Structure formats: C-alpha cells, structure tokens
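Subject: Two-chain model, handover and findings

Hi,

Here is the structure for you to load. My notes follow below it.

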Amino acid sequence: MDAILLQILNGLDKGGAYALIALGLTLVFGTLGVVNFAHGALFMLGAFCAVTVNQLIGLEQVTQDPTQLTPWGTPVEIREPYIVSWLGDTGLLILEYSVPVSILAAIPVMIVIGLVMERGLIQFFYKRPHAEQILVTFGLAIVLQEIIKTLFGANPLPQTPPDALRTAADVGVMFGFEPGQIVYPWWRLVYFLFAALVIGSVFAFLQLTTFGMVVRAGMADRETVGLFGIDIQKRFTVVFGLAAVVAGLAGVMYTPILPPDYHMGMDFLVLSFVVVVVGGMGSLPGAVAAGFLLGILQSFASMTEVKSIFPGIDQIIIYLVAVVILLVRPRGLMGRKGVMEG
Amino acid sequence: MVEFFTPSRRGVLKGGAALGAGLAAPTIFSSRVWAADYLNKPMGDTVTFGFNVPQTGAYADEGADELRAYELAVKHLNGEGDGGMLNTMKPLALTGNGVLGKKVAFVTGDTQTKSDAARASAKRMIEKDGAIMITGGSSSGVAIAVQSLCQEAGVIFMSGLTHSNDTTGKDKRRNGFRHFFNAYMSGAALAPVLKNAYGTDRKAYHLTADYTWGWSQEESIKNATEALGWETLEAVRTPLGAGDFSQYITPVLNSGADVLILNHYGKDMVNSLTQAVQFGLRDKQVNGKDFTIVVPLYSRLMAQGAGENVKGIFGSTNWHWSLQDEGSKAFVKSFGEEYGFPPSQAAHTCYVQALLYADACERAGTFMPCAVVGALEGHEFDGMGNGPTLYRAADHQCFKKVLVVKGNENPTSQFDILEVVQEVPVEQVTYDPAIFGGDLGECNNGA
C-alpha cells in the first residue's frame with residue numbers, strides 16, 4: 001500500500017511538469033494552429049532563468065590570499081558573494097531563496113522570449129504545412145539549446161531549494177501510517193501545488209476574463225470573431241507569450257528536482273507532445289488530465305513488481321498508451337471531434 | 001559484309017583516359033598504404049595524432065578537459081612549456097624533440113559520446129588526416145567501438161576514460177591499450193574501505209545504468225560487497241539519461257535496504273544522487289543503521305554538478321589532482337599554469353596515454369603499430385601519478401594504485417570536492433586476466 005501511495009505521489013509531481021508543458025503546447029496549437037517543437041526549449045530557458053538569477057545574486061567578490069598558493073603557484077582565491085558582504089544574513093537568505101525569487105525575473109523574460117519567438121519567426125509559418133512548422137521549431141529548439149550550452153557548458157548546474165524544503169516530509173503520518181513509512185521530498189510536494197496553482201490560474205484567466213472569452217471564441221471560430229472587429233491575432237500572440245511563461249515557470253521550479261542542462265527541454269518535449277496527443281490536440285483539460293494520468297502510469301510501470309511481469313514496460317508505457325489512443329480514439333481523450341480524425 | 005572496328009579520335013581519347021585512370025587507381029587510392037610497410041607511416045617532418053573526444057553532448061566538458069591535456073602533452077613532446085611529466089617519467093626515451101625526430105601534430109574528432117559518431121570521426125582521422133594513433137573518449141561504449149575500428153584499420157588506440165571491464169576484457173584488442181582503471185578494480189579497492197566504514201552486515205540496493213559499463217560495474221561491486229558479507233536485495237536497471245529517477249528511488253525507501261549503490265556516471269549520477277538525498281535517504285535509519293549511499297566511480301567534474309550532496313559519500317577514482325607524488329605535482333603545475341584550474345582524472349589519463357604512446361614509439365624506433373604494441377606490452381613505468389605501473393601484456397590493462405575517495409565535508413575551494421581516503425596498492429586490485437575472457441588477437445599494421 002505504501003509503495004502504491006509513493007508512486008502516486010511520484011506520478012503527481014512528474015505529471016505536474018508534463019501537464020504544465022503540455023498545457024502551453026496545446027494552447028498554442030489550439031489558438032495559432034502551430035505545432036511548436038521549440039516549446040521544450042522554453043521549459044529549458046525558464047530553468048536557465050533560475051540559473052542566471054542564482055549566478056547574478058551569487059556574484060562573488062574575489063580576493064587573493066598571498067599567504068596561500070595553489071599547486072601551480074598562484075595565490076589562492078577567496079570568494080564571497082557581494083550580496084552577503086553587503087547585506088549579511090539577509091543576503092544569505094536571498095541566496096537561499098534564489099529559486100522562488102527567480103520566478104519574478106522569469107515572468108517578464110519569458111514573455112519577451114515568447115513574443116520575440118512568435119513575432120520574429122513562428123508567425124511566418126502559420127499558413128505553412130505542419131511538417132514545415134515542426135521542422136522550423138525543432139531547428140529553433142536546437143539553436144536555443146546550443147546557445148545555452150555555449151553560455152553555461154554541458155554539465156548540469158544544481159540549484160538548491162530553500163533549507164526548510166530540502167528534506168523529506170513524513171506524508172504517511174498525515175494518512176495514519178507509521179512514522180517514516182511514506183516520506184516524500186518537500187520540494188516535490190511544493191512543485192505539485194505550484195503546478196496546480198498555475199494550471200488553475202490559466203483556466204481562470206481563460207474562463208473568467210473577457211480576454212479569455214475572446215480567445216476561447218477565437219479558438220472555436222476565428223473568422224466569426226474577426227467579423228466583430230476583434231484583432232484575434234494580437235490576442236493569440238499574447239497567448240503564445242502566456243504559454244511561454246507557463247513553460248518557463250515550470251522550468252524554474254523544476255531546477256531543484258533536476259539540475260538543469262542544455263538538453264532538458266528536449267527530454268521533456270517528446271513526452272509532453274505525447275501527453276498532448278493523448279489528451280487531445282488543442283484541449284486544455286485534456287492536456288492536464290493526460291499529463292497527470294501518464295505521470296502516474298509511468299511511475300507505476302517502474303515498480304519492480306510490474307517490471308518483473310512486463311520487463312521494460314517503464315520505457316514504453318507512455319508510447320503504448322499513445323498508440324492505443326491513436327488507434328481507438330484518434331482525437332485523444334478530450335479532443336474536439338474531427339481533430340486528427342481526418 | 002564484315003565490319004571492322006574503326007576507332008574515332010574521341011573514342012581513342014576516352015579509352016586512353018579510362019585506361020590511364022584505371023592504371024593510376026591503385027596508387028591514387030592506396031598510395032599511402034602501399035608505399036609504406038604500415039598504415040599512415042609519417043613521411044614528412046611531422047607525425048599526426050588523432051584526439052577523439054566528446055566535444056558535444058553530455059560529456060562535452062569532460063571532453064574539453066581531455067583536449068586540454070592532449071594539447072599540453074603535444075607541447076611537452078615538442079619541447080615547449082615546462083615539460084610536465086616528462087621530467088618525472090621513468091624510464092624515459094623521449095628527448096623533448098617530438099617523437100623519433102618528428103614534431104607532433106594533431107587532429108581532433110567529436111565522439112558525441114555515440115559509438116557510431118565516434119567510429120566515423122576516428123575513421124576520418126585515420127583515412128583523411130593520416131592519424132597514426134587514435135586516443136580519447138569518455139565512455140566505454142565508445143572506447144570499445146573505436147578500439148575495434150582501430151584494430152581493423154591497423155592503428156594504435158590509446159583509450160581515454162573507459163571503466164567497463166569489457167574494454168580490456170571480452171572486447172580487448174591487440175592494437176588497444178587502457179591506462180584508466182576498471183570496474184573490477186573499483187570493487188576491489190572500495191570493499192575494504194566500505195567494510196571499515198559500514199561493517200559486514202549490510203543490505204544493498206543497486207540502481208544501474210542500463211548499458212555495458214553499468215552492468216560491468218554492478219557485477220564487480222556486487223561480487224566485492226557480497227564477499228564482505230553484504231546482501232544484495234535488488235539490482236534495478238535504469239535507462240541511460242532517465243533524468244528523473246524518483247520512480248526508481250521510491251521503491252528503495254521501504255525495501256529494507258540500508259545501502260544504495262549508484263552505478264551511474266555523468267549526468268545520471270548527478271541526478272540520481274541529488275534526488276536520493278532529496279528523498280531523505282541519507283537521513284534514514286534502517287535495520288538500526290544509518291542509511292548510506294555509495295558512488296563506485298567518481299569524477300570530480302561530475303561531482304561538482306551534484307554539489308553538497310556528495311559530502312561524505314565513498315567512491316573510487318583513477319587519479320586526483322591533490323596527490324603529492326612528483327609526477328602528479330608536475331602535471332598539476334603545468335596544467336594549472338596553462339589553464340588556471342587543476343586537471344580532471346580524464347585529463348590525466350589522456351595526457352599519460354599520449355606520453356606513453358610517444359615513449360613507446362621512441363623505444364621501438366618506429367611508429368609501426370606492431371612494434372609499438374611490443375614496446376607497450378609488459379612495459380613498467382613510474383612517475384606518472386599512480387606509482388609504479390605495469391601495462392600488462394595479457395590484456396593491455398594498466399595495473400597501478402587505485403584511489404578511494406570521499407566527498408569532502410569541508411572543501412576549501414571549488415575544486416576541493418573529493419578527499420583521497422586511501423591509495424589502494426596495486427596488489428589488491430590485480431586479477432587474473434582469464435576471468436573476463438576475450439582474446440587480444442593479432443596486431444595489425446594496416447598494410
């Protein structure tokens with residue numbers, strides 16, 4: 001029982017990341033009709049926003065100690081972050097909370113990146129076939145990851161959560177289990193809650209605001225909305241920026257779970273694309289539901305008991321589900337009738 | 001009526017051209033081979049080495065460090081710089097004037113840490129650039145693939161960082177040589193230290209990267225720890241580059257295991273270790289003992305990625321820059337002066353391999369691969385950072401001291417991540433070459 005609960009928790013935080021990326025991916029497809037293979041790169045760029053903020057906050061003052069020499073004869077360098085020498089304990093606290101602080105920086109940065117990406121490149125491919133959209137966005141993703149590799153190197157760059165969230169929570173006690181029976185990292189629980197909050201906010205924005213209503217109307221019938229004199233394209237561009245922010249924030253908060261490297265976007269992209277297909281291309285609730293569903297299924301498939309019956313199932317479960325869905329219900333779990341069914 | 005063949009002017013010209021090309025073909029396409037008694041025999045005043053390292057992909061930083069070391073080695077071989085380990089290497093036939101009077105030049109290839117890409121770049125360096133020797137790499141899969149290619153082509157392969165037993169075991173080749181230690185040696189070196197630190201009554205859970213190196217290390221560490229009396233509860237294979245290992249770590253929590261052994265390297269090691277610590281494994285008490293984690297193969301460059309999580313965790317390594325023997329000090333000084341930071345173990349093994357190959361050519365008096373093989377087989381040397389070392393003739397594996405290291409609890413600099421706990425003597429890590437099978441076969445001159 002405890003093993004099952006642990007894998008459900010695993011699936012929820014993993015599913016949270018899938019859902020956040022897939023949400024933006026499907027939002028862009030639903031509004032602009034673009035299959036954006038650079039969406040994983042936005043997740044990666046968000047993660048590197050956190051790295052950059054951490055590096056900026058942690059900028060060090062380097063002094064040399066002539067009394068100590070390195071093995072190659074130069075004085076040993078003594079390093080201390082400027083922020084600590086200026087602000088003392090407050091500086092240490094800001095350093096400790098650099099990942100949550102990065103969210104503040106990531107929002108405007110990701111909006112700008114999203115708008116530049118859409119206006120600068122993707123808008124020219126709206127009327128081109130999906131294959132060309134995929135090629136150009138995939139190429140863009142490769143360019144972005146190579147830029148990041150040049151700037152930050154190929155090795156993962158670990159980001160630490162605040163000290164209070166570095167350990168594991170005794171989740172089992174809350175459900176009547178023995179102490180220590182079900183423990184789960186605090187930060188992963190925070191990530192799940194954060195994902196739920198962002199998803200809820202996006203839905204609220206689309207359901208409860210006039211802007212969201214227009215966007216939804218545009219998704220349903222772009223031409224009719226245009227006949228009302230509304231510049232739907234401008235709103236869709238904003239939606240692209242919103243999708244970039246959602247992916248970026250998912251990346252920022254994921255850095256303490258997975259030390260970011262230049263390739264992390266590509267690792268998530270394929271899975272998220274499958275999530276969108278399973279959920280239904282263009283369906284927001286479908287993307288979220290499929291994200292969590294596949295996250296949980298993937299976790300269960302990794303259990304030793306399951307793998308002893310179906311060896312290697314953990315590697316293929318997501319794709320197996322996608323194949324079954326495409327065969328049985330090509331429009332996905334919650335996809336609109338006719339999409340992918342032609 | 002009989003028609004006779006009456007050649008036209010154009011026909012004669014075409015035929016002549018075709019005949020000429022046909023006659024010239026053997027010399028055009030294989031002049032390098034047939035003009036010499038071995039492949040890529042250096043004809044001018046330079047000899048070309050091929051440095052095949054990961055310049056892109058997950059191990060690009062390690063590859064960059066390897067390349068730095070090779071460039072330093074070339075400098076020293078050509079008599080530039082302070083000479084580095086040429087000042088401490090014993091015996092030494094090199095004179096600091098190139099190799100056999102020829103200046104060393106080099107070409108580079110990008111393995112991308114993919115076997116097919118590594119073979120393609122090695123092939124290009126051999127066929128187009130005329131490389132006499134190929135060296136480098138940061139993965140056992142790549143090393144085995146390139147070693148096999150060099151054997152077929154007829155050049156020497158001096159492997160870089162490769163830790164699988166197979167490289168000098170079942171996949172060994174006469175033209176291939178490994179200075180780096182292997183998984184068996186890691187197990188043999190680590191076991192007594194683990195026994196002292198954690199006792200003989202332990203239950204281990206392995207997470208293993210699912211490819212040749214992972215299997216090899218899992219087997220070696222299992223054998224070594226089970227010989228101590230440890231019980232192996234489970235050995236779970238994880239896909240290479242899994243990223244999030246949480247679904248593999250959660251079953252460890254209530255498995256009854258009190259030791260987690262991570263047979264991961266590179267990014268996988270950074271991720272699995274970081275996540276295992278986040279899951280509170282190091283704070284757990286199981287079977288009345290503190291839960292512990294072991295990383296059998298450490299790399300300082302990679303350990304940097306895992307940050308504070310490596311503190312206190314045991315592992316093994318081929319070499320470390322803090323060693324105080326004359327060879328290590330000379331190399332660290334040269335490397336540090338050139339680049340401003342200490343070399344990694346990958347850089348060390350590559351630098352040493354380049355020097356050993358050059359010295360073997362000098363001793364053999366030729367670059368002919370079979371003669372170089374003869375000079376390296378059974379060669380004993382010292383002053384290269386690991387104490388007296390033997391290039392064993394039976395499997396082309398170097399036998400030398402192995403370092404057991406621990407994540408430094410109180411690092412004094414960003415490079416001071418690992419602390420050398422013990423220099424394990426060579427006798428403790430030596431084994432019978434027959435246990436890993438394989439056959440060296442015949443050496444190949446490529447001509």
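**The mixed sheet of chain B**

Seven strands of chain B make an open sheet with mixed pairing, in the order β7-β6-β8-β11-β12-β16-β17. Its edges are β7 and β17 (418-424) of chain B, each paired on one side only. From one strand to the next, the twist averages 20 degrees. Keep in mind that this is a predicted model.

Inside this sheet, strand β8 (residues 259-263) of chain B runs parallel to strand β11 (residues 292-297) of chain B, and three bridges join them. One pair to look up: B:Ile261 has B:Val294 in β11(B) as its bridge partner.

A helix lies across these strands. Helix α5 (residues 183-198) of chain B crosses β8, β11, β12 (314-317), β16 (402-407) and β17 of chain B. Its direction is at about 150 degrees to β12(B).

**The parallel sheet of chain B**

Chain B also has an open sheet of five strands, ordered β2-β1-β3-β4-β5, with parallel pairing. Here the edge strands are β2 and β5 (176-177) of chain B, and each pairs on one side only. Helix α11 (residues 345-364) of chain B packs on this sheet. It touches β1, β3 and β4 (156-159) of chain B, and its direction makes about 160 degrees with that of β3(B).

Is strand β1 of chain B mostly covered or hardly covered? Mostly covered: six of the eight residues in β1(B) (residues 46-53) are buried. β1(B) has these partners:

- Strand β2 (residues 103-110) of chain B runs parallel to β1(B), joined by eight bridges. B:Val53 stands opposite B:Asp110 there.
- Strand β3 (residues 133-136) of chain B also runs parallel to β1(B), with three bridges. B:Phe49 stands opposite B:Met133, and B:Gly50 has B:Ile134 as its bridge partner.

**One exposed glycine**

B:Gly288 sits in the loop between β9 (285-286) and β10 (289-290) of chain B. Why does B:Gly288 count as exposed? Because B:Gly288 has 7 C-beta neighbours inside 10 Å, and the cut-off for exposed is 12 or fewer. Its C-alpha atom is 9.1 Å from that of B:Asp258, although the two residues are 30 apart along the chain.

**Where the chains meet**

How many residues of chain B are in contact with chain A? The count is 34, and they meet 34 residues of chain A. On the chain B side, the elements that give two or more residues are α2 (60-77), β7 (231-238), α7 (246-253), α8 (267-278), α9 (300-306) and α10 (326-339) of chain B. The largest share, six residues, comes from α7(B). By residue type, the chain B side divides into 13 nonpolar, 13 polar and eight charged. Note that β7(B) is on this list, and β7 is also an edge strand of the seven-stranded sheet.

**Chain A: the hairpin**

Strand β1 (residues 60-69) of chain A is hardly covered: of its 10 residues, the count of buried ones is zero. It pairs with strand β2 (residues 75-81) of chain A in the antiparallel sense, over seven bridges. A:Leu69 has A:Pro75 in β2(A) as its bridge partner. The two strands form a hairpin with five residues between them. In the turn, A:Gly73 has a positive phi of about 90 degrees.

**Chain A: listed spans**

An unreviewed UniProt entry lists residues 15-35, 42-59, 101-122, 134-152, 189-215, 236-257, 269-297 and 309-328 of chain A as "transmembrane region". I looked at two of these spans in the model:

- Residues 134-152 of chain A are 100% helix and 0% strand, with end C-alpha atoms 27 Å apart.
- Residues 236-257 of chain A are 86% helix and 0% strand, with end C-alpha atoms 32 Å apart.

**Confidence in chain A**

The mean pLDDT of chain A is 90, and 98% of its residues reach 70 or more. Among the elements of chain A, helix α2 (residues 39-57) has the highest mean pLDDT, 96. Helix α14 (residues 304-309) of chain A has the lowest, 84. Where pLDDT is low, predicted coordinates should not be read in detail.

Best regards

Terms used
Residues are numbered from 1 along each chain as its sequence is written. Chains are lettered from A and ligands numbered from 1 in the order in which they are written. This is a predicted model: local features need pLDDT of at least 70, side-chain atom pairs count only at pLDDT 80 or more; totals for chains, interfaces and linings use all residues. A residue is buried if 20 or more other C-beta atoms lie within 10 Å of its own, exposed if 12 or fewer, and partly exposed in between; C-beta atoms are placed from the backbone. Helices (H or I, at least four residues) and strands (E, at least two) are DSSP runs, numbered from the N terminus. Two strands pair if DSSP finds at least two bridges between them. UniProt positions are given in the numbering used here, feature names are shortened, and annotations may be inferred rather than shown by experiment. pLDDT is the predictor's confidence in each residue, from 0 to 100. Two residues are in contact if their C-beta atoms, placed from the backbone, lie within 7 Å. Ala, Val, Leu, Ile, Met, Phe, Trp, Tyr, Cys and Pro count as nonpolar, Asp, Glu, Lys and Arg as charged, and the others, Gly among them, as polar. Axes are lines fitted to C-alpha atoms, for helices over the stretch in contact, and angles run from 0 to 180 degrees between N-to-C directions.
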